[in-house]
Amino acid sequence: MMIGDRIRFRRIMEEDWELRYRWGTDPDISATLQSGLGIPLSAAKAREQILSFLADPGSRADFVVLDKETEEPIGFVHLTGIDPWARRAELGILIGRKEYHGQGYGTEITRLIVLFGFERLNLHKVYLTVDADNPAGIRCYEKAGFRRDGVLRDEIYKNGVYLDRILMSILKHEFHSAE
């Protein structure tokens, strides 16, 4: 189990589909997600997603983020596309409880999942993409030590316009030298 200052992770379970559905259908939350591109999320699709996460434990690590004090779920975090040969994985994060936004939880969650990737999975690199119109997300990742690797121009179509996505990564030695 991974434990931070204010949060802890627990493995995702089948019944977590309800949280995925609730948070995934909130327009304020889903606007910053890759899946929040205007494609409606049904309850059946949310359940199917959680079941697919559980069915593929070798190439992904999925967690529910809990407030350590209250034990209430506040979000999800995962590493996907875990490549044991290249020793890399892609990070994804969702903070579904809006009262936790803007308080440093994103940075703490990011640092904890990166630590998990480097220490438990022996990764060399963790990378992510973030929409260019998500300055809070970009700041969060930069505070956690991620660097900008490049821009995927006009990568997504959202709200009637094409948007860039920023590719960011952190290497194991960079993470440990920043601690």
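How are helix 4 and helix 5 oriented to each other? In this predicted model, local features require a pLDDT of at least 70 and side-chain atom pairs count only at pLDDT 80 or more, whereas totals for chains, interfaces and linings use all residues. Residues are numbered from 1 along each chain as its sequence is written, and side-chain values use heavy atoms, with hydrogens and water left out.

The axes of helix 4 and helix 5 come within 9 Å and cross at roughly 45°, the axes being lines fitted to C-alpha atoms over the stretch in contact and the angles running from 0 to 180 degrees between N-to-C directions. Helix 4 and helix 5 are therefore oblique to each other, given that angles under 35 degrees count as roughly parallel, over 145 as roughly antiparallel, 65 to 115 as roughly perpendicular and the rest as oblique. In the contact (heavy atoms within 4.5 Å), G106, T107, T110 and R111 of helix 4 meet C140, Y141 and K143 of helix 5, and these residues comprise two nonpolar, three polar and two charged.

Helix 1 (residues 17–24) packs against helix 3 at an angle of about 130°, with the axes 8 Å apart, and this pair is therefore also oblique. On the helix 1 side, W17, R20 and Y21 meet A43, A46, R47, Q49 and I50 in helix 3; by class, the contact holds five nonpolar, one polar and two charged residues.

The largest pocket (an open set of points on a 1 Å grid over the protein atoms alone, where a 1.4 Å probe fits, with protein on both sides within 12 Å along at least five of seven lines) holds about 1,100 Å³ of space, the volume being that filled by probe spheres set on the points. Its lining, defined by an atom within 4 Å of a point, consists of 44 residues, of which T32, L33, I93, L94 and Y141 are the closest to the centre. Elements that each supply at least two lining residues include helix 3 (43–55), helix 4 (105–119) and helix 5 (135–143), helices being DSSP runs of H or I with at least four residues. The lining divides into 19 nonpolar, 16 polar and nine charged residues, where Ala, Val, Leu, Ile, Met, Phe, Trp, Tyr, Cys and Pro count as nonpolar, Asp, Glu, Lys and Arg as charged, and the others as polar.
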